[in-house]
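Student: I should like to learn how to read a structure of this kind, feature by feature. May we begin with the contact between the chains?

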Amino acid sequence: MNSAKHFNLTARVLHWSMALAILAMLFVGIGMVASISLRPSLVSLHRPLGMAILLLVIVRLINRLRHRPPALPADLPAVQVLAAKASHWVLYTLMFAMPLIGWSMLSAGGYPVTMIKGFNLPPIAPHDATVYAVLRGAHSWLALLLFATVLMHLAAALYHAWVRQDEVFPSMARGEPTASAAAVAAPTAEFGESPQTTPEPRE
Amino acid sequence: MPDLETTPSSNHHRAWPALLAIALIVAAVALAFAWIAGWLAPNRLTPQRFTNAIEIGNGQIYRGYRRAHAKGVCVAGYFEGNGQGAALSSARLFAAGRTPFVGRLSVGGGSPYGLDNKARVRSMALELNSDDGQQWRMAMNSFPFFGVSSVQAFYEQTVANAPAPATGKPDPAKQAAFAQAHPEFARFANWAKTAPWSTSWANTTFNGVNTFRFTNRAGETRNVRWSMQPQTPFVAMTAEQRAAVDGNFLSEDLVGRLGQGPLRWDMVVTLAQPGDSTVDPSQSWPEDRRRVTVGTVVIERSTPQTTGACRDINYDPLVLPAGVQGSDDPILAARSAVYSVSFNRREHDIASGSAGAATGKATAAEAKP
């Protein structure tokens with residue numbers, strides 16, 4: 001197997017910019033529905049940011065399908081491998097679903113889907129009370145699921161970086177190391193040798 | 001979450017500070033989220049809590065109905081610009097000939113069974129759809145200025161007017177305490193007491209009350225307020241006449257009038273001068289401000305709200321087209337936020353099948369309380 005040990009530059013740029021955008025989006029979203037005074041300004045930020053995330057995740061998925069991600073450490077316990085794979089599926093699904101649900105929810109509520117003043121997206125769902133109510137509920141609950149998954153992802157990333165000190169965190173934080181950098185980044189002796197015989201593709 | 005049992009045993013003595021740091025970071029992010037959500041601040045005024053106060057003030061929840069201004073009818077027609085508005089705002093509405101709308105005429109109060117002759121406040125809401133795909137939603141009231149100058153006071157007013165459990169009526173002591181705490185309310189109370197009641201929605205003036213900003217094609221921005229002034233001549237009701245009319249007289253009158261022909265209101269835009277308050281809707285602007293009649297609202301037909309197109313529209317006054325913006329009036333922002341919660345709740349009622357009366361599918365027992 002000759003796969004890369006690090007995510008490619010496109011993947012890393014998309015990962016970190018989307019991490020920032022999604023975390024901001026979750027806070028904007030909860031602030032928007034819970035604020036008596038900031039709703040108008042946060043709504044006008046929430047909608048275009050949601051569409052930006054949708055466009056970015058399309059690019060990200062294409063990149064992901066074209067570039068095999070680095071393998072997970074071979075010594076990672078099966079339960080953690082499962083958690084890593086499941087959480088990535090949830091994250092990818094919600095990155096697509098949340099903007100699309102938001103867009104169709106606004107359509108079903110009869111709202112204009114305003115990106116910037118004067119430019120609206122077309123409706124993608126019928127104006128209907130039931131469709132709206134179901135999508136509105138889904139948007140809230142899935143936002144909480146997304147937030148919980150992001151927190152788990154953050155915890156797992158820091159666990160890899162600070163506790164296991166394996167290659168997982170650097171594979172998203174940095175490009176392929178040069179020979180001298182690889183020596184520095186290599187696992188310290190206390191972890192022992194990590195046998196890389198049967199690398200598991202990430203996710 | 002990482003499984004601690006699987007951590008290499010040689011690393012245990014070093015792992016716990018890192019695990020603690022991770023737990024603290026995750027907890028901090030989660031706490032920030034919960035704080036912004038209002039979950040950790042039970043006394044902070046959120047749109048949900050404001051809507052709860054309105055529901056309590058209504059005495060009960062009327063499923064599927066608007067939590068405020070629950071009683072009304074759907075109307076439809078068009079706005080016809082006269083060209084004068086184009087100098088003030090680039091909104092397509094002012095340039096185009098006719099812009100169709102789905103509207104609603106209503107009375108104040110949270111009960112869909114309230115009596116028209118007891119409702120001091122009447123309202124007109126419009127959703128105008130111009131041919132450039134832009135929408136303009138307006139929610140206007142018959143009072144000429146708002147009762148209070150802050151969102152907190154608006155909330156306190158709602159709480160003070162809630163019926164006391166023992167009597168089913170508002171507590172006069174609470175209302176008096178509210179009035180004393182908010183002296184600006186005296187002007188509104190005086191309007192409510194002394195302004196004549198008109199005989200119809202058709203001869204009622206509806207005021208935007210909050211300040212908006214118009215931007216024209218040249219990029220000039222002005223603070224404005226607007227009113228819909230009826231072409232139907234004003235006729236006042238005496239107290240005796242009002243006591244004698246039917247509790248549904250407004251919708252009966254409307255249907256009768258529309259049978260004779262369309263009803264018209266002139267849209268009159270008032271332009272602010274420097275120094276006129278844009279943030280306090282309880283402050284009127286001086287009478288001598290320049291006014292421009294920009295077009296006419298024409299209502300052609302009405303339908304019951306249970307089955308009409310207005311039922312599933314949130315008349316959020318901050319859904320605005322290019323050329324129109326909201327001002328920094330905090331009550332405007334609060335209206336947008338609370339209307340949204342009210343809309344979510346009533347659409348949820350309808351979706352869950354608990355809103356028979358509101359959707360025209362009432363059982364005999366549900367039709368009247």
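Student: How many residues of chain B are in contact with chain A, and how many of chain A with chain B?

Tutor: This is a predicted model. In it, 56 residues of chain B contact 40 residues of chain A.

Student: How is the extent of such an interface expressed, and what is the value here?

Tutor: The size of an interface is often given as the accessible area lost when the parts come together. Here chain B and chain A bury about 4,000 Å² between them, and 69% of that area is on carbon and sulfur atoms.

Student: Which elements of chain B supply the side that touches chain A?

Tutor: At least two residues each come from α1 (12–36), α2 (47–57), β4 (135–141), β12 (324–326) and α9 (330–351) of chain B. The largest share, 13 residues, belongs to α1(B). By class, this side of chain B comprises 34 nonpolar, 15 polar and 7 charged residues.

Student: How many salt bridges and how many polar contacts link chain B and chain A?

Tutor: The count of salt bridges between chain B and chain A is 0. Polar contact, by contrast, is found for 11 residue pairs across the interface, with both residues at pLDDT 80 or more.

Student: Let us turn to the interior. Which residues have the most contacts inside the largest nonpolar core?

Tutor: In soluble globular proteins, nonpolar side chains tend to be buried together. The largest nonpolar core in this model has 45 residues, and those with the most contacts inside it are I22(A), L26(A), L146(A), F147(A) and I22(B). The elements giving two or more residues to this core are α1 (9–34), α2 (39–66), α3 (78–108), β2 (113–116) and α4 of chain A, together with α1 of chain B. The greatest contribution, 11 residues, is that of α4(A).

Student: Which residues does I22(B) contact, beyond its neighbours in sequence?

Tutor: Leaving aside neighbours within four places in sequence, I22(B) is in contact with A155(A), L158(A), Y159(A), W162(A) and V163(A). Another core, of 43 residues, lies apart from the largest one and includes V73(B), L93(B), M124(B) and L332(B).

Student: How should one read the packing of a single helix, for instance α4 of chain B?

Tutor: One may list the buried residues and then ask what they pack against. In α4(B), residues 151–160, the buried residues are V151(B), A153(B), Q157(B), T158(B) and A160(B). They pack against α2, α5 (172–181), α6 (185–194) and α9 of chain B.

Student: Is T158(B) buried or exposed, and what does T158(B) touch?

Tutor: T158(B) has 16% relative accessibility and therefore counts as buried. Not counting residues up to four places away in sequence, T158(B) touches F50(B), A53(B) and I54(B).

Student: How many salt bridges does the structure hold over all chains?

Tutor: Side chains of opposite charge can pair when their charged atoms come close. Over all chains, the structure holds 18 salt bridges. One of them joins the side chains of D276(B) and R289(B), at 2.6 Å from N to O. Both residues of this pair lie in the loop between β10 (263–271) and β11 (291–304) of chain B, 13 residues apart.

Student: Are D276(B) and R289(B) buried or exposed?

Tutor: D276(B) is buried, with a relative accessible area of 12%, and R289(B) is buried, at 15%. R289(B) also forms a salt bridge with D288(B), at 2.9 Å from N to O. D288(B), however, counts as exposed, at 62% relative accessibility.

Student: Which residues are joined into one network by salt bridges that share partners?

Tutor: Before the network, consider a pair: E300(B) and R301(B) meet through their side chains in a salt bridge of 3.2 Å, N to O. As for the network, E55(B), R63(B), R67(B), R345(B) and D349(B) are joined through shared partners.

Student: Finally, which backbone angle is notable at Q165(A) and V209(B)?

Tutor: Neither residue is a glycine, yet phi is positive in each: about 50 degrees at Q165(A) and about 65 degrees at V209(B). Q165(A) is placed in the loop between α4 (129–164) and α5 (168–173) of chain A, and is partly exposed at 35% relative accessible area. V209(B) is found in the loop between β6 (206–207) and β7 (212–215) of chain B, and is buried at 5%.

Technical notes
Residues numbered from 1 in each chain as written. Chains lettered and ligands numbered in written order. Predicted model: local features only at pLDDT ≥ 70, side-chain atom pairs only at ≥ 80, totals over all residues. Heavy atoms only, no water. Helix = DSSP H or I, 4+ residues; strand = E, 2+ residues; numbered from the N terminus. Buried < 20%, exposed > 50% of the residue type's maximum accessible area, 1.4 Å probe, protein only. Contact = heavy atoms within 4.5 Å. Buried area = accessible area lost by both parts, 1.4 Å probe. Salt bridge = Lys/Arg side-chain N within 4 Å of Asp/Glu carboxyl O. Polar contact = N/O pair within 3.5 Å; in protein donor to acceptor, adjacent residues only side chain to side chain. Nonpolar A, V, L, I, M, F, W, Y, C, P; charged D, E, K, R; others polar. Core = buried A, V, L, I, M, F, W, Y, C linked by side-chain atoms within 4.5 Å.
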